[in-house]
Amino acid sequence: MAALALLGAAHFTPAHAHDFRAGQLVIDHPYATPSLAGTPNGAAYLRGIRNRGSAPDRLVAASTPVAERVELHEMSTEGDVMRMREVPAIDLPAGQEVQLRHGQRYHLMLINLRQPLKVGDRFDLTLKFEKAGERTVKAWVQQPRSQGSESGHKH
């Protein structure tokens, strides 16, 4: 019986404590990177958004009290040049996960930060979905593993 209790406890690990739900969507680990000194903008990410439903949805907007506005951005490489552009929405296909991780295709650009983002800070981030509606999540400012000692979002 004790082994069964331990097995059950292991299933509910703290790693799952930073998931949020909006309808059939599971929003996994919202986070931001520390902002660079003297720069007005920052970036926020989501480990992923899993659409567990049978219908597609779309992330259509985001907002936060720590920035004047939030833009949905897509990065792409054209030749040897990395390009970034604002997009009107991010598609969330039914039964799939879309990642908005540091260094990958999509991210949230925090425009005109009200104060610098520092490791350990936490802030509200409201995500607006076409079908699932709005959901406010808590984003944690953390140093991405792939960046080592550098900070911030690079363009």
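A salt bridge is a side-chain nitrogen of Lys or Arg within 4 Å of a carboxyl oxygen of Asp or Glu. With that in hand, welcome to a short tour of this predicted model.

**View 1. The whole chain brings together 1 helix and 11 strands.** Let us start with the overall picture. Following the sequence from its beginning, you meet the helix and then the strands, in the pattern α-β-β-β-β-β-β-β-β-β-β-β. The protein has 155 residues, and 40% of them count as buried. Its exposed surface comes to about 8900 Å², with carbon and sulfur atoms supplying 52% of that area. Contacts reach far along the chain: among those between residues at least 6 apart in sequence, 67% join residues at least 24 apart.

**View 2. E74 pairs with both R85 and R105.** Side chains of opposite charge can pair when their charged atoms come close. Here E74 forms a salt bridge with R105, and the closest N and O atoms are 2.6 Å apart. E74 sits in strand β5, while R105 is in the loop between β8 (97–100) and β9 (106–113), so this salt bridge ties together parts that are 31 residues apart in sequence. The side chain of E74 also meets that of R85 in a salt bridge, at 2.7 Å from N to O. This second pair links strand β5 (residues 67–78), home of E74, with strand β6 (residues 81–86), home of R85, and the two residues are 11 apart. Is E74 buried or exposed? E74 is buried, because its relative accessible area is 11% and buried means under 20%. Its partner R105 has a relative accessible area of 46% and is partly exposed.

**View 3. K138 and D124 form a salt bridge between two strands.** The side chains of K138 and D124 meet at 2.9 Å, N to O. K138 belongs to strand β11 (residues 133–141) and D124 to strand β10 (residues 122–129), so the pair, 14 residues apart, links distant parts of the chain. Both partners can be found partly at the surface: K138 is partly exposed at 34% relative accessibility, and D124 is partly exposed at 33%.

**View 4. Shared partners join four charged residues into a network.** Which residues does this network hold? Salt bridges with partners in common connect D19, D28, R50 and E97. Across the protein, the count of salt bridges comes to 11.

**View 5. The largest pocket is lined by 10 residues.** Look for Y31, R47, R101, Q142 and R145, the lining residues that lie nearest the centre of the pocket. The space in this pocket is about 280 Å³. What kinds of residue make up the lining? By class, there are 2 nonpolar, 5 polar and 3 charged residues.

**View 6. V141 is a buried residue of strand β11.** V141 is found in strand β11 and counts as buried, at 4% relative accessibility. Setting aside neighbours within four places in sequence, V141 is in contact with A32, T33, P34, L117, K118, V119, G120, D121 and F123. Another residue to find in this view is P30: its C-alpha atom is 9.1 Å from that of V141, although the two are 111 residues apart along the chain.

**View 7. P40 touches residues from far along the chain.** P40 is found in the loop between β2 and β3 (42–51). With a relative accessible area of 44%, P40 is partly exposed. Beyond residues up to four places away in sequence, P40 touches L110, I111, N112 and L113. The C-alpha atoms of P40 and L113 are separated by 5.5 Å, and their positions lie 73 residues apart in the sequence count.

**View 8. H29 and N112 have positive phi values.** Neither residue is a glycine. Phi of H29 is near 50°, and phi of N112 is about 55°. H29 lies in strand β2 (residues 25–32), whereas N112 has its place in strand β9. Where does each stand on burial? H29 is buried, with a relative accessible area of 12%, while N112 counts as partly exposed at 31% relative accessibility.

How values were computed. Residues numbered from 1 in each chain as written. Predicted model: local features only at pLDDT ≥ 70, side-chain atom pairs only at ≥ 80, totals over all residues. Heavy atoms only, no water. 1 Å grid on protein atoms, 1.4 Å probe; cavity = no way out; pocket = protein on both sides within 12 Å on 5 of 7 lines; lining within 4 Å. Points joined across faces, edges and corners; volume = space filled by probe spheres on them. Nonpolar A, V, L, I, M, F, W, Y, C, P; charged D, E, K, R; others polar. Helix = DSSP H or I, 4+ residues; strand = E, 2+ residues; numbered from the N terminus. Buried < 20%, exposed > 50% of the residue type's maximum accessible area, 1.4 Å probe, protein only. Contact = heavy atoms within 4.5 Å. Areas by Shrake-Rupley, 256 points an atom, 1.4 Å probe, with all protein chains shown as cover.
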